[in-house]
Amino acid sequence: MSGTDFDLIVIGGGSGGLAGAFRAAAHGARVAVLEPGELGGTCVNVGCVPKKAMWLAADLSQKLALAAQLGFAVPPPQFDWIEFVTHRQRYIANIHNSYQQRLDANGIALLRTRGCLLSRDTVETSEGVRLRAPHILVATGGRAQRPDVAGAEHGMVSDDFFNLCAAPERVAVVGGGYIAVELAGVLQSLGSRVDMFVRGRRLLNGFDEELSLQLAEDYRQYGVKLHLDYALRSVRGAASKFVLRDASNDDSAPFDALIFATGRCPNSDVCGAAGIGIELDPSGHVHVDEFQNTSVEGVYAVGDVTDRVALTPVAIAAARRLMDRVFGGDAESRLDYSDIATVIFSHPPIGRVGLTEDEARARFGDAVRVYRSGFRPMLHALADSPQRSLFKLVCVGEEERVVGIHLLGEGADEILQGFAVALKRGIAKRDLDETVAIHPTSAEEVVLMR
Ligand SMILES: Cc1cc2nc3c(=O)[nH]c(=O)nc-3n(C[C@H](O)[C@H](O)[C@H](O)COP(=O)(O)OP(=O)(O)OC[C@H]3O[C@@H](n4cnc5c(N)ncnc54)[C@H](O)[C@@H]3O)c2cc1C
Ligand SMILES: NC(=O)c1ccc[n+]([C@@H]2O[C@H](COP(=O)([O-])OP(=O)(O)OC[C@H]3O[C@@H](n4cnc5c(N)ncnc54)[C@H](O)[C@@H]3O)[C@@H](O)[C@H]2O)c1
């Protein structure tokens, strides 16, 4: 084997790529990873990790306000954004170091460069070096996309949010999905006045409608202005003042910052996927089968570049199972994509696993039975804060198999994981009824619904 021959070349050192590289190396494969940016990709650098750090800061600021209402002598909190970012980035630097150490310890070659597929077994680096391997993993992730309207270049995207040094006074967030809801919540909590411009008639399309309506209510109470059914026509921006114009040519108030959270597109174009005949869907996602095979033999793909669920643990799990198949001798190893739990780090958070009520009714008709519990969590009730929780169970058939769990409220992010295991194991409502509650908690509502 020469210095440019490997068993596996991984293009992209993000969540999926690194997980695949480590698992392949553990099976004895000789691995090269190509990554021009920071190790860890989107999740570690401009996604889950810095986002969750900002969410924790926002959550603390809300808790400080509750504490003040409950008798603690808390002076109005002054948030030093730059100091917080120093802690956040130190945390991230530790992740980079730990990845680098693991790569070294596993003998994985890291090339700080871009990779482009030349054929089914050859990748060319930006410097023109050709590497060869019988197995290639495409794990190049995705990038934020701006809407196709005049002036869109003036706005930030989520990557830029993480470069902020202070809360802008008035912020416009365009979009109503995961990132829009999360960034709007953080900014409002940390002192901005946020307006959300949402194309649809509600937040979080595809999530349970009742929970999305309740979250919209929570956001309004919290001071976020929601502009639903908003058709953005253009943006004018100059000297850090932005004005949005809608389809009726009405102008918005001026904003100090504008953030587009209008979806992401796959990085299949920057790694030569189409050039070697890899099948893409109309939006450029790499089409993979249930074993993560692309349409070109020996070339696989995982994570956000594929036409599957765009979440970090999904990219990681898919990559590990793939490497167990390719190098670990387990011919059937593949990820079961059903019933993947997900959390939106809104204020309060939303957790979801399985079918929404609408999806269940479309599939099972009258056999669906829904249980719900709306309540004020104890801390909020004590502090006379209006924030409410709404938990829902979607059940099907005479045995009332639980096919969906939807939690909006404080703690939902931490409560859901265990119940996701239960749902995946096929529990029925009766199993929840037979489980003795843990009192007093929010989680107990899941086993007490009648
Ligand atoms: C703001 C935000 C918040 C998020 N929050 C969460 C969350 O809370 N929970 C969650 O589960 N998911 C979250 N996600 C989604 C999560 O970040 C992605 O699903 C995950 O990072 C996908 O991993 P990946 O390996 O497919 O791609 P990435 O992590 O994006 O990694 C791809 C890597 O490939 C590299 N690359 C691209 N082209 C090339 C090339 N030609 N050659 C070499 N390298 C290349 C890139 O530099 C990048 O490092 C969030 C995303 C965003 C944007
Ligand atoms: N907590 C988490 O796990 C988490 C957090 C962030 C992102 N993610 C992942 O990243 C993915 C991408 O997140 P996202 O928020 O970018 O996408 P998204 O698909 O959740 O939301 C995109 C939003 O942009 C709107 N939109 C699209 N084009 C528009 C246009 N031209 N004008 C106005 N609005 C427009 C859509 O209507 C939608 O509301 C998510 O689907 C999720 O898989 C996960």
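## The shell around ligand 2

In this predicted model, domain 2 (152-262) and domain 3 (342-448) each give at least three residues to the shell around ligand 2. That shell counts 22 residues, and the closest to the ligand are Pro147, Gly175, Gly177, Ile179 and Ala310. Sorted by class, the shell around ligand 2 comes out as 12 nonpolar, seven polar and three charged residues.

Which elements supply at least two residues each to this shell? They are helix 6 (178-189) and strand 17 (342-344). Helix 6 has the largest share of the shell around ligand 2, with four residues.

## The shell around ligand 1

Now for the other ligand. Ligand 1 is surrounded by 35 residues, with Gly12, Gly14, Gly41, Gly141 and Gly303 the closest. Two or more residues apiece come from helix 1 (15-26), helix 2 (41-46), helix 3 (48-69) and helix 8. The class split for the shell around ligand 1 is 14 nonpolar, 17 polar and four charged residues.

## Domains and how they meet

The domain assignment cuts the chain into three: domain 1 takes 8-143 plus 266-326, domain 2 takes 152-262, and domain 3 takes 342-448. Between the C-alpha centres of domain 1 and domain 3 there are 31 Å. Where these two touch, domain 1 puts in nine residues and domain 3 puts in eight. On the domain 1 side of that contact you'll find five nonpolar, two polar and two charged residues.

## What the UniProt record marks

UniProt has an unreviewed entry here, and its annotation "domain: FAD/NAD(P)-binding" runs over residues 6-319. In the model, that span is 32% helix and 21% strand, and its end C-alpha atoms sit 18 Å apart.

The unreviewed entry also carries "domain: Pyridine nucleotide-disulphide oxidoreductase dimerisation", which covers residues 340-449. Over residues 340-449 the make-up is 33% helix and 29% strand, with 23 Å between the end C-alpha atoms.

## Two nonpolar cores

The largest nonpolar core has 66 residues, and the members touching the most others are Ala172, Val173, Leu183, Ala184, Ile259 and Ile350. Helix 6 turns up again here: eight residues of this core come from helix 6, the largest share. So what does Val173 touch, once residues up to four places away in sequence are left out? The list is Ala180, Leu183, Ala184, Val194, Met196, Ile259 and Ala261.

Another core lies apart from the largest one; this other core has 49 residues, including Ala32, Ala139, Val302 and Phe327.

## A look at Ala318

Ala318 sits in helix 8, which spans residues 312-326. Is Ala318 buried or exposed? Ala318 counts as buried because 27 other C-beta atoms lie within 10 Å, and the cut-off for buried is 20 or more.

Setting aside neighbours within four places in sequence, Ala318 is in contact with Gly16, Gln292, Val302 and Leu335. One of these, Val302, belongs to the 49-residue core. As for Glu332, 14 residues separate Glu332 from Ala318 in sequence, and their C-alpha atoms are 13 Å apart in space.

How values were computed. Residues are numbered from 1 along each chain as its sequence is written. Chains are lettered from A and ligands numbered from 1 in the order in which they are written. This is a predicted model: local features need pLDDT of at least 70, side-chain atom pairs count only at pLDDT 80 or more; totals for chains, interfaces and linings use all residues. Domain bounds come from an automatic or database domain assignment. Two residues are in contact if their C-beta atoms, placed from the backbone, lie within 7 Å. Ala, Val, Leu, Ile, Met, Phe, Trp, Tyr, Cys and Pro count as nonpolar, Asp, Glu, Lys and Arg as charged, and the others, Gly among them, as polar. A residue is near a molecule or strand if its C-beta atom, placed from the backbone, lies within 6 Å of it. UniProt positions are given in the numbering used here, feature names are shortened, and annotations may be inferred rather than shown by experiment. A nonpolar core is a set of buried Ala, Val, Leu, Ile, Met, Phe, Trp, Tyr and Cys residues joined through C-beta atoms within 7 Å. A residue is buried if 20 or more other C-beta atoms lie within 10 Å of its own, exposed if 12 or fewer, and partly exposed in between; C-beta atoms are placed from the backbone.
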